[in-house]
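Please look over the sequence and the model, and then follow this report, which goes through the helices and sheets in turn.

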Amino acid sequence: MADTGHQSRQHSKLGPSAAHRWLECPGSVLGSANAENKSSFFALEGTAAHEFLEFVLRTGCDPRDYEEGYIALDGATPETKFVKVTPNDFKVDNENSFEITDEMCEAMEVTIAVVKKYYDPAAGDILMLETRLDMSWIHPKLFGTGDILIYKKAERRLIVLDFKYGVGIAVEVGDNPQVLTYAVGGERLLVDMGHKVDIVTCVIVQPRCFHPDGPVRDEDVDALDLQFFAGFLKEKAAETDDPNARLHAGEHCYFCPIAHSCATLRKYVIEMTGANHDKELTEADMLDPSDMTMEQLGKVVREGRIMEGWIKRVRSYAHAEAMEGRVADGCKVVDKRAYRKWSVSAYDVEVICDLLDIDRTDYMYPEKLRSPNQIEKATGKKGFTAAFSGLWKKESTGFVLAPIEDRREAVKVDKSEAFGAVEED
């Protein structure tokens, strides 16, 4: 296993993961060249899941052996990165560490089953994990890392498997530019190794997000069609070098790092709302749904995710600015809702539970101490207050950017604790 994690890898702004955007909006590449694209909670959670998947595939271990443990993204060795048991006093901070949940283990099992379906080492198949793919022959800045590549020698077939841990947006496999770009790089890599590819099977594995075709979707692509796509890719990649390359708003804007400041996207959003003038929007500027035509209703329903993505980017940017002490007008930084946690050792709580003759399943799961909220449900509020008073404390898990009218008191941000996804409170 590589000694560098996914976070430390170099990422291309003209890479496969952003191909859906720069193929449609070539101007976004130079436009975002200097943009800081901070990793969100969801991106880091995906990184943790990818690293765990690589680990279990390389070692052949059972992911369930690590359930209720955690992944430390800053761990220097497999032993410090993947830990089987989470101590009761361990703080999962959602920046450097993530819990290995039942859901994550299930995602691993689904992906392992797909790999076993395609990969037969006895037949001489080749399995490549987290493989650097150089596509500089398409464009000098184009490279990426393929999650899982399998080459079936007997069939001269390349399987390109892209693992998605995200739960919010279902990813289609048909004509997927990211997977096809990985396929272009993977095919060239195999040719350089002396192999021939006649057909490519593109596979999306997305266990946590509902799709009518199920968590695993695949599509076959003929080698000739892949060559046509490579030519298209080369043409479109060249357009990104033009300082006057066109900017085009659409669904691809959802993850664009400059969505918050893009005039083309803002104009698009204004037009979708029905407002026809360039000023600060109010609800009065937007069309009432009952006054909208069927065409307008359909446009908003189908393309509303673009607006949601833009709003998300604006909120994320405003949150990041606030963490640096630059708070947007009419807003303030407040503590997120506080949650109760034990302020004493797990042993002390266990002793009290035993003295009160509380059933062990009510305070341990399976061998980990339950939270104050969970034990209160078992003992009742009055009994909990009497037995455990002073043994727990309320602790906020971060900060949110709230309207100035919010009743909570504004707080001064400690940058060492400022990380976190922008969340609704």
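Contact, as the word is used here, means heavy atoms within 4.5 Å. Angles run from 0 to 180 degrees between N-to-C directions. The model itself is predicted.

## The three-stranded sheet and helix H3

An open sheet of three strands is found in this model, in the order S2-S1-S3, and its pairing is antiparallel. Strand S2 (82-83) and strand S3 (97-99) stand at the edges with a single partner strand each, so one side of each is left without a neighbour in the sheet. Strand S1 (residues 70-72) and S3 run antiparallel and are joined by three bridges, and the bridge partner that Ile71 has in S3 is Phe98.

Helix H3 lies across S1, S2 and S3, and its direction makes an angle of about 75° with S3.

## Where helices H3 and H5 meet

Two packed helices are described by the angle between their axes and the distance between the axes. For helix H3 (residues 41-59) and helix H5 (residues 102-118), the axes come within 10 Å and cross at roughly 50°. Angles from 65 to 115 degrees count as roughly perpendicular and those under 35 as roughly parallel, and H3 and H5 are therefore oblique to each other. The crossing of these two helices is right-handed.

Which residues in H3 and H5 meet? On the H3 side they are Ala49, Phe52, Leu53, Val56 and Leu57, and on the H5 side they are Met104, Met108, Thr111, Ile112 and Val115. Sorted by class, the contact of H3 with H5 has nine nonpolar residues, one polar residue and no charged residues.

## The five-stranded sheet

A second open sheet has five strands in the order S4-S5-S6-S7-S8, and here the pairing is mixed. Its edge strands are strand S4 (126-134) and strand S8 (216-222), each of which pairs on one side only. From one strand to the next, the twist averages 30°.

Within this sheet, strand S5 (residues 143-152) and strand S6 (residues 157-163) pair in the antiparallel sense over five bridges. For Ile148, the bridge partner in S6 is Leu161.

## Helices across the five-stranded sheet

Helix H5, already described in its crossing with H3, also lies across S4, S5, S6, strand S7 (199-205) and S8, and runs at about 175° to S6. Helix H7 (residues 223-239) lies across S7 and S8, and runs at about 90° to S8.

How values were computed:
Residues numbered from 1 in each chain as written. Predicted model: local features only at pLDDT ≥ 70, side-chain atom pairs only at ≥ 80, totals over all residues. Heavy atoms only, no water. Helix = DSSP H or I, 4+ residues; strand = E, 2+ residues; numbered from the N terminus. Parallel < 35°, antiparallel > 145°, perpendicular 65-115°, else oblique. Left-handed = near helix turned anticlockwise from the far one by under 90°. Nonpolar A, V, L, I, M, F, W, Y, C, P; charged D, E, K, R; others polar. Pairing = 2+ DSSP bridges.
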